[in-house]
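Trainee: I would like to learn how to read a model like this one. Please take me through the features in turn.

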Amino acid sequence: MDWKPEAAKELEKIPDSVRKMAKMGIETSVEKKGRSTVTAEDVKEAVERVGALMEKDEKTTKIAVVRCDIVSETCPGVACFKAFNKRKVCFGEYGKNTEIIGFFTCGGCPGRRVFRLVDSLQKHGIDAIHLSSCMLMDTGYPRCPHIDEIKQMILKKGVKVVEGTHH
């Protein structure tokens, strides 16, 4: 794929962290148009499309659920998603413009994966992380022995913590 010099200059304005992915997307778009040369207009068009998506995301509340790694071996998370989809129990405060953007396990005791995944979620604008009901209850499953440390780890990252999902 050929790039006009003006197009390459426009591409340089895109942040390094997403530039490679943006370049591939732009080239795919140009190929679909039946062309083999990228123009500055192609890059600007792509930036506008992404900008429009980002504006929409700013109005959306983004949440995630962290759950017990051991429980995940027997629970597919149906009750958590059902409660979210119906905006019941611990998800009752959220409106239609709320998305679950993450659903992950703690990584095993003592919650070794949480710190790293919260960093990743923050790059996507996370607003709150729910501690799943399976981590908090002591009936059916053992209560998480590291729940307080996990909660503090999330709070120290500046992310709101909500205790519970569907119970």
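**Reading the loop and its rings**

Mentor: Start with a ring residue: tyrosine 94 counts as buried, at 9% relative accessibility. Keep in mind that this is a predicted model.

Trainee: What relative accessibility makes a residue count as buried?

Mentor: The cut-off is under 20% relative accessible area. Tyrosine 94, at 9%, is therefore buried. Over the chain, buried residues make up 38% of the 167 residues.

Trainee: Let me step back to the fold. How many helices and strands are there in the chain?

Mentor: Seven helices and six strands. From the N terminus on, the order is β-α-α-β-α-β-α-β-α-β-α-α-β.

Trainee: Is the chain a compact globule or more spread out?

Mentor: More spread out. The radius of gyration is 21 Å, whereas the globule rule gives 15 Å for 167 residues, so the chain is more spread out than a compact globule. Now take the extents. The C-alpha trace spans about 65 × 30 × 30 Å along its principal axes.

Trainee: What share of the contacts join residues at least 24 apart?

Mentor: Count contacts between residues at least 6 apart in sequence: 71% of them join residues at least 24 apart.

Trainee: And the surface? What do carbon and sulfur atoms supply of the exposed area?

Mentor: They supply 54% of it, and the chain exposes about 10300 Å². Charges come next. There are 29 positive and 24 negative side chains. The centres of the two sets lie 4 Å apart.

Trainee: Back to the rings. How is a pair of aromatic rings described?

Mentor: By two values: the distance of the centres and the angle of the planes. A search of the whole structure finds three aromatic pairs. In one of them, phenylalanine 84 and phenylalanine 91 have ring centres 5.5 Å apart and planes at 90°, so this pair is edge-to-face. The label rests on a cut-off: planes over 60 degrees apart count as edge-to-face.

Trainee: How is the pair of phenylalanine 91 and tyrosine 94 classed?

Mentor: As tilted. The rings are 6.4 Å apart, centre to centre, with 40° between the planes. Phe84, Phe91 and Tyr94 form one aromatic cluster.

Trainee: Are phenylalanine 84 and phenylalanine 91 buried or exposed?

Mentor: Phenylalanine 84 is buried, with a relative accessible area of 7%. Phenylalanine 91 is buried too, at 0%.

Trainee: Where does phenylalanine 91 lie, and which residues does it touch?

Mentor: Phenylalanine 91 sits in the loop between α4 and β4. Leave out residues up to four places away in sequence. Phenylalanine 91 then touches Ile63, Val65, Cys80, Ala83, Phe84, His130 and Thr165. Now a distance: alanine 46 is 45 residues from phenylalanine 91 in sequence, and their C-alpha atoms are 35 Å apart in space.

Trainee: Next, the backbone. What sign of phi do most residues other than glycine have?

Mentor: Negative, and most peptide bonds are trans. Now look for departures in this model. Arginine 87 has a positive phi, near 50°. Valine 89 has a positive phi as well, of about 50°. Arginine 87 lies in the loop between α4 (78–85) and β4. Valine 89 is placed in the loop between α4 and β4 too.

Trainee: How much of each of these two residues is accessible?

Mentor: Arginine 87 is partly exposed, with a relative accessible area of 22%. Valine 89 counts as exposed, at 52%.

Trainee: Which peptide bond is cis?

Mentor: The one from cysteine 109 to proline 110, with omega near 5°. Proline 110 lies in the loop between β4 (98–105) and α5 (114–122).

Trainee: What about glycine 95?

Mentor: Glycine 95 is found in the loop between α4 and β4. Glycine 95 is partly exposed, with a relative accessible area of 40%. Valine 66 is 29 residues away along the chain, and the C-alpha atoms of the two are separated by 21 Å.

Trainee: One last loop residue. Where is serine 132 found?

Mentor: In the loop between β5 (128–131) and α6 (133–136). Serine 132 is buried, with a relative accessible area of 1%. Set aside its neighbours within four places in sequence. Serine 132 is then in contact with Val65, Val66, Arg67, Cys68, Cys80, Gly164 and Thr165.

Terms used:
Residues numbered from 1 in each chain as written. Predicted model: local features only at pLDDT ≥ 70, side-chain atom pairs only at ≥ 80, totals over all residues. Heavy atoms only, no water. Helix = DSSP H or I, 4+ residues; strand = E, 2+ residues; numbered from the N terminus. Rg over C-alpha atoms; globule rule 2.2 N^0.38 Å. Buried < 20%, exposed > 50% of the residue type's maximum accessible area, 1.4 Å probe, protein only. Contact = heavy atoms within 4.5 Å. Areas by Shrake-Rupley, 256 points an atom, 1.4 Å probe, with all protein chains shown as cover. Lys, Arg positive; Asp, Glu negative; His and termini not counted. Charge placed at Lys NZ, Arg CZ, Asp CG, Glu CD. Phe/Tyr/Trp six-rings, centres within 6.5 Å; stacked < 30°, edge-to-face > 60°.
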